[in-house]
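Let's walk through this structure together, one region at a time. Please have the sequence and the 3D view open as you read.

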Amino acid sequence: MGGIDQVFVQEPEQRPKPSTIEVDGIPVIDMSVSGTGGIEKLASEIGNACRKWGFFQVINHGVPLELRQRVEKVAKAFFDLPIEEKRKAKRDDLNFTGYHDEEHTKNVRDWKEVFDMLIEDPTFLPASPDPDDEEIRTYSNKWPENPPEFRETCQEYCREVEKLAFKLLELISLSLGLPANRLSDFFKHQTGMLRLNYYPPCPSPELALGVGRHRDGGALTVLAQDDVGGLQIRRQSDGEWIPIKPIPNAYIINIADALQVWSNDLYVSAEHRVVVNSEQERFSIPFFFFPSHYVKVKPLEELVNEQNPAMYKEYSWGKYYINRTGSNYKKLEAENLQIDHFKTPESE
């Protein structure tokens, strides 16, 4: 099919169509505010974006540009290495960190290579998705030998983006009418990770996707993308796929499933995907902010009442995460676990 292996070919209804849509992009929010009034206004802007889009971009966010440029440089240097060298740091069945080039989304292989690292090293997670299995497994990062500055640069970058993630979490709490620290305790032993994505040029970009349509499972995602573009989000109002235009030194923020559940569907975890092109390679760096493995995710009690019953049953974050992680690396007979599986009868 068009010069690419069948494993990459999307079902006809999922294939990207040439986009002629000219739209105003997702909101761009300036985080350089001070004083109570400024913070309230900022929280309100973020709340509106979370309701309407589930996505927004932030500028003046506090992450040093020089550090972002350094992590982009080591990412490119790593992915430029020969495949044999990259595979020395390849993930395996016992450890999902490191290099990987066979990721699947919705059971179709993605046109990309990735390198995953845990924010907290070590990170503690359930050994299996089985509810009765109480074993906890310890995961540590797998690092490549080259480039030599890879580990230190990525760790420094993680610390800075983590500060931004906590700041966003506080603003999202305020936007829901809750105390700024309402969600912070869920992240005492966070299980999040940083991913380096590399999307090579694709000879048949009309057949494949860099990442198939999906929603992120965690709390929120903080994404750095280069100037090539390719990220598209599904607009709530009509289901159209809308391209996200790159803004220099901005971060793209998206609400993920756990936050949709905590907000009891006030905020939306939007579907998104990545299209590829035949000429240019593309890089992106998502920071996935995940709760501690022992956190039970359910609608926040302050947002539930007779008029607004809980839309979800409680679930274990760690078990949910391990269930989903297993399905990203191989083709399964069934779709992986989604928050819709935890919908209550009241939500029907």
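A good place to begin is Asp30, which sits in strand β1, spanning residues 28–30. Keep in mind throughout that this is a predicted model. Is Asp30 buried or exposed, or something in between? With a relative accessible area of 33%, Asp30 is partly exposed, because the range from 20% to 50% falls between the two classes. Setting aside neighbours up to four places away in sequence, Asp30 is in contact with Leu42, Ile59 and Asn60. For a sense of scale, try picking out Gly212: its C-alpha atom is separated by 30 Å from that of Asp30, and the two residues are 182 apart along the chain.

Leu42, one of the contacts of Asp30, also takes us into the helices, since Leu42 is among the α1 residues that meet α4. Two packed helices are described by the angle between their axes and the distance between the axes. For α1 (residues 35–52) and α4, the angle is about 85° and the axes are 8 Å apart. That angle lies between 65 and 115 degrees, so α1 counts as roughly perpendicular to α4. Which residues make the contact? On the α1 side they are Ile39, Leu42, Ala43, Ile46, Gly47 and Cys50, and on the α4 side Leu168, Leu171, Ile172, Leu174 and Ser175. Sorted by class, this contact has nine nonpolar and two polar residues, with no charged ones.

Helix α4 has another partner worth visiting. Helix α2 (residues 65–79) packs with α4 at an angle of about 140°, and here the axes are 9 Å apart. Why is this pair not called antiparallel? The roughly antiparallel class needs an angle over 145 degrees, and therefore α2 is oblique to α4. The crossing of α2 past α4 is left-handed. From α2, the contact draws on Leu67, Arg68, Arg70, Val71, Val74 and Phe78; from α4, it uses Phe150, Thr153, Cys154, Glu156, Tyr157 and Glu160. The class make-up here is seven nonpolar, one polar and four charged residues.

Now let's look at the interior. The largest nonpolar core has 78 residues, and those with the most contacts inside it are Tyr157, Leu168, Leu196, Val222, Tyr251 and Trp262. Helix α4, covering residues 150–175, gives the most to this core, with 11 residues. Two names should be familiar by now: Tyr157 from the contact with α2, and Leu168 from the contact with α1. What does Leu168 touch? Leaving out residues up to four places away in sequence, Leu168 touches Met31, Ile46, Phe56, Val58, Leu220, Val222 and Ile253. There is also a second, separate core of 21 residues, which includes Ile26, Tyr199, Ala208 and Val274.

From here we can turn to the loops. Ile119 lies in the one between β6 and β7, and with a relative accessibility of 6% it counts as buried. The C-alpha atoms of Ile119 and Gln155 are separated by 7.7 Å, although the residues are 36 apart along the chain. Beyond its neighbours within four places in sequence, Ile119 is in contact with Cys158, Arg159, Glu162, Gln190, Gly192, Met193, Leu194 and Phe287. Pro122 is in the loop between β6 (113–118) and β7 (123–126), and the peptide bond leading to Pro122 from Asp121 is cis, with omega near 10°.

Most residues other than glycine have a negative phi, and most peptide bonds are trans. A further cis bond joins Asn146 and Pro147, with omega about -5°, and Pro147 is in the loop between β8 (136–139) and α4. As for phi, Asn249 has a positive value of about 60°, and Asn264 has one of about 55°. Asn249 is in the loop between β13 (241–243) and β14 (251–255), while Asn264 is in the loop between α5 (257–262) and β15 (272–274). At 28% relative accessibility, Asn249 is partly exposed, whereas Asn264, at 8%, is buried.

Our last stop is His293, in the loop between β16 (282–289) and β17 (296–297). His293 is counted as buried because its relative accessibility is 16%. Among its contacts are Phe124, Leu125, Pro126, His189 and Trp317.

Notes
Residues numbered from 1 in each chain as written. Predicted model: local features only at pLDDT ≥ 70, side-chain atom pairs only at ≥ 80, totals over all residues. Heavy atoms only, no water. Core = buried A, V, L, I, M, F, W, Y, C linked by side-chain atoms within 4.5 Å. Buried < 20%, exposed > 50% of the residue type's maximum accessible area, 1.4 Å probe, protein only. Helix = DSSP H or I, 4+ residues; strand = E, 2+ residues; numbered from the N terminus. Contact = heavy atoms within 4.5 Å. Axes fitted to C-alpha atoms, helices over the stretch in contact; angles between N-to-C directions. Parallel < 35°, antiparallel > 145°, perpendicular 65-115°, else oblique. Left-handed = near helix turned anticlockwise from the far one by under 90°. Nonpolar A, V, L, I, M, F, W, Y, C, P; charged D, E, K, R; others polar.
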